[in-house]
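Biologist: Before we discuss this model, could you show it to me? I would like to ask how each label was arrived at.

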Amino acid sequence: MSKRHVTTTIDGEGREFLCEDWQTLLDVLRDVLMKTGTKEGCGTGDCGACSVLLDGRLVCSCLMLAAEAEGRVIETVEGMAEGDRLHPLQQHFLQEAALQCGICTPGFLVAARALLAQNPDPSEREVRFWLAGNLCRCTGYDKIVRAVLAAAAEMRGAEA
Amino acid sequence: MSEKSTEGRPLKWVGTRPVRPDGVEKVTGRARYGADFARPDMLWGHVLRSPHAHARIRRIDVRRALELDGVKAIVTGDDLPEIASEQAFVGEEPTDYRMLSQNVLARGKVGYVGHAVAAVAATTSAVAEEALRLIEVDYEILPHVLDVLSATADDAPLVHDDLCDRKGVKKNPSNIANEIEMGHGDPEAAFTNADVVVDRSFTTQAVHQGYIEPHACLAEAGPDGQVTIWCSSQGQFMVRGYTAKLLGLDLAQVRVVPAEIGGGFGGKTTVYLEPLAVALSQRSGRPVKMVMSREEVFRATGPASATRIRVKIGATKEGQFLAGEAWLDYEAGAFPGSSVAAGSMTIFAPYAFEHARSHGRDILVNKPKSAAYRAPGAPMAAFAVESVVDDLARQLEIDPIDLRLQNAAREGVQSSFGPRYKRIGFVETLQAAQEHPHYDAPLQPNQGRGVAAGMWFNAGLQSSAAVMVNADGSVSVISGNPDIGGSRASLAMMAAEEFGIEYEKVGVRIGDTASVGYNDVTGGSRVTLATGKMVVEASQEVISQLCERAAKVWDVDVKRVHWADGKAKVLDDEAIEPLGLAEIATGAARTGGPIQAIASGSVRGVGMSFGVHLCDVEVDPETGKVDVIRYTAFQDAGRAIHPSYVEGQIQGGAAQGIGWALNEEYVFDDSGRLENSGFLDYRMPVASDLPMIDAVIIEVPNPDHPYGVRGVGEAPIVPPIPAVVNALRAATGVCFSDLPVSPPRVLEALDAVS
Ligand code: FES
Ligand code: FES
């Protein structure tokens, strides 16, 4: 059976790829396009390590078929910084030491970005519930929550 | 005691919170973890796993699988060399090479559901998986044992019929792989003098380390016999040592390149995939990549042991502990080597007992081989002993921290596992908890507060580090320990401190096995401690070379030269312009060549790190759900090099312990099949389950480290279970002795009392 041809936009760049019908977007990102910044922790939608934005909506790329990316806009952690300029979330994750091993970090950053896009001023509780789909085994979440709140405050300040 | 102690000297970096050197890579997705490597022409490997808990393998037929288009190699147990029984100690738990080899690939018999039986390499992952379905295995199903009680029954089926002791001598057939005993005095006699004796039994279930990154590796065996492995682990030298041994290769033939590691917590101190990937690469002549699924991680990699522990403590009515005795049975899984020894060592360690004894048994069951999990063996032991201490405080009507203070181990006290304590910070840690506003903050109905203590060792073990000065005056440090939680930052800070230069001028790399001297695994809370000590020693050696070079330039006696603020200066002649790192390094060609030093050594003596946790819970009497509403953890860090990462260790350990107490457990059906092999059913804490975790760092310097560091990676997981359970008791009045205290269990207990 021949592969399927898909045209899409990933991290601001037009991309084309060939995939099998059954391949997930995560498989294609990591193994076909070699964009390994997006991680796989479970492959079943339970850990959030594979989080990406699909037309601005937060999805688990391990639960989405690559073929469904046709004509869509995909954003991963790799597109968050503008050149050398880190996104405020990335900056605050570093400052607050919100990562230890860092394997969960790409997923948390993408998920937090989606949160702040729709709620620029979340409470601690809102952050915790929004991020409940992302597992981190290292940090106990404390510093992650603080980093998201600090980034939100900075981003609000920048807009004011 | 270090001759070059830093006490009294002003410190510029130690104690500050700079951004870690590997941070930007990790927030931009550029850092490469175990599964992020690829090679041209690479094959994908998958493992066929046993569907049975215990069975003899009569025959494996791989012919149909080999015929499948795209399949390039298959290995079964017959393809790996037979390994003699030999004790290895490279990780955190004792390992016998023969058993390790059998765990990596079954020979003759499978010992648990998920045990590897064959491995396939094919051109795509999908073809490799399809090939697994074409392998025919003829099993003779054997009766199995799934818990300590049935495994130790008289007529129990044997998990191994050819078990040997540590000296290779065949043992009487039984499922008790090892028995240990330690302690001092005569507890039995002393109990008769006690005013109160509490004697209780506890059970805990197997739990998984739960690292988010599944095991993964890429191996390439060249036609010249040279092997390269890219993988994430807690020790590239461990992977090299185990893989070489299991495949009969020379260590020098194998190079292991450490990837970033996405969590380990002890579970990545052994090998599962690497020898298989190398064997497949040798047979196919192509690089082979293998990545476990989450289900495989649960079924086939090490959980922490399920345990049964009985603890008995006798005290006077004034609260003085007279005697303690403990019986610990830990499930090893299908191969010997649980963490029962460490459990037995730590169980009474926080307290001064005149009479203390523990009896530990390592018990074989048909479950995955247990592996180290953060402070291996200690959290379960602490659950038992700290629950009993809580009982004593209640019965004696003594404040639980006062009772612990009264009996706390301190300098000079004989520990229950042998040595006398040097300077330790347990008393200070207890006092900090007692004085903290959390300790007497008001509580609402259905809420309760628990307190618990715990300790863990700081392993020293073998470390090496290289330090070199570059021509521009920057400094490169090469460490041989994978950085799991920010150790690169602390190593860079210690080097910057020694040289008196900016932190940003120090680059730290984790070297592969061919570029830096041998290092034991990242584990045992040892990297900042032991490898840090090597970085300090190598830096000091480089500094004395820098002084010599400067003396040559100036043509003065080296005794007149000293190093301060990043420069060589002549002590008694201020007219001579000091020379900085860059100036000395650019001229190095004329003064004796490149400037570098390697320090390596066995860091001896074990340090101790103590923690005390306060936990408030709220119980929903309708559902039995327990919420942790406030949590404060006090930890003696000796000296916190980078306080954020110390706090991070404390918070992470506390969260894991809370999960262990409240929810996490391996659930097996009668046939020995794990029923919850995914994150949906094996429920680890998520952000909405937890409050902020306040981490309070106590600093009682470790006399064996140049900066006073104590390892903090593990102790924080020891107190949480009893802290949660003691809080639950305060909230409900019910004593819980079995983990996890999940909602059904809590509800059942509440119904029973009402
Ligand atoms: S890998 Fe997609 S949710 Fe875990
Ligand atoms: S930092 Fe390791 S899993 Fe989150």
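Labels and the values behind them

Modeller: A:A97 lies in the loop of chain A that runs between α2 (88–95) and α3 (105–118). Please keep in mind throughout that this is a predicted model.

Biologist: Why is A:A97 called buried?

Modeller: The relative accessible area of A:A97 is 5%, and buried means under 20%, so A:A97 counts as buried.

Biologist: What makes the backbone of A:A97 worth a remark?

Modeller: Its phi is near 55 degrees, which is a positive value in a residue other than glycine. Most residues other than glycine have a negative phi.

Biologist: Why is B:D555 called exposed or buried, as the case may be?

Modeller: B:D555 has a relative accessible area of 70%, and the cut-off for exposed is over 50%, so the label for B:D555 is exposed. B:D555 also has a positive phi, of about 60 degrees, although it is not a glycine, and it is found in the loop between α15 (527–554) and β24 (561–564) of chain B.

Biologist: What kind of peptide bond joins B:L739 and B:P740?

Modeller: The bond is cis, with an omega of about -10 degrees, and B:P740 has its place in the loop between α19 (720–732) and α20 (743–753) of chain B. Most peptide bonds are trans.

Biologist: How do you know that A:K35 and A:D11 form a salt bridge?

Modeller: Their side chains meet with a distance of 2.8 Å from N to O, and the rule asks for a Lys or Arg side-chain nitrogen within 4 Å of an Asp or Glu carboxyl oxygen, so the pair qualifies. The two residues are 24 residues apart and link distant parts of the chain, A:K35 being in the loop between α1 (25–32) and β3 (51–54) and A:D11 in the loop between β1 (4–10) and β2 (13–19) of chain A. A:K35 is buried, its relative accessible area being 11%.

Biologist: What makes B:E502 and B:K12 a salt bridge, and why is B:E502 called partly exposed?

Modeller: The N to O distance for B:E502 and B:K12 is 2.7 Å, and the limit is within 4 Å, so the pair counts. This pair links parts of chain B that are 490 residues apart, with B:E502 in the loop between α14 (487–499) and β23 (506–510) and B:K12 in the segment before α1 (23–27). B:E502 has 38% relative accessibility, and because buried is under 20% and exposed is over 50%, B:E502 falls in between and is partly exposed.

Biologist: Why are B:D483 and B:R488 called buried?

Modeller: Their relative accessible areas are 2% for B:D483 and 7% for B:R488, and the cut-off is under 20%, so both labels follow. The closest N and O atoms of their salt bridge are 2.8 Å apart, and salt bridges that share partners join B:R20, B:D22, B:K26, B:E260, B:D483 and B:R488 into one network.

Biologist: How many salt bridges does the rule find across the interface of chain A and chain B?

Modeller: The rule finds 4 across that interface, while the structure holds 51 over all chains. The side chains of A:R30 and B:D36 meet in a salt bridge at 2.7 Å, N to O. In total, 43 residues of chain A are in contact with 54 residues of chain B, and the two chains bury about 3900 Å² between them, 61% of it on carbon and sulfur atoms.

Notes. Residues numbered from 1 in each chain as written. Chains lettered and ligands numbered in written order. Predicted model: local features only at pLDDT ≥ 70, side-chain atom pairs only at ≥ 80, totals over all residues. Heavy atoms only, no water. Helix = DSSP H or I, 4+ residues; strand = E, 2+ residues; numbered from the N terminus. Buried < 20%, exposed > 50% of the residue type's maximum accessible area, 1.4 Å probe, protein only. Contact = heavy atoms within 4.5 Å. Buried area = accessible area lost by both parts, 1.4 Å probe.
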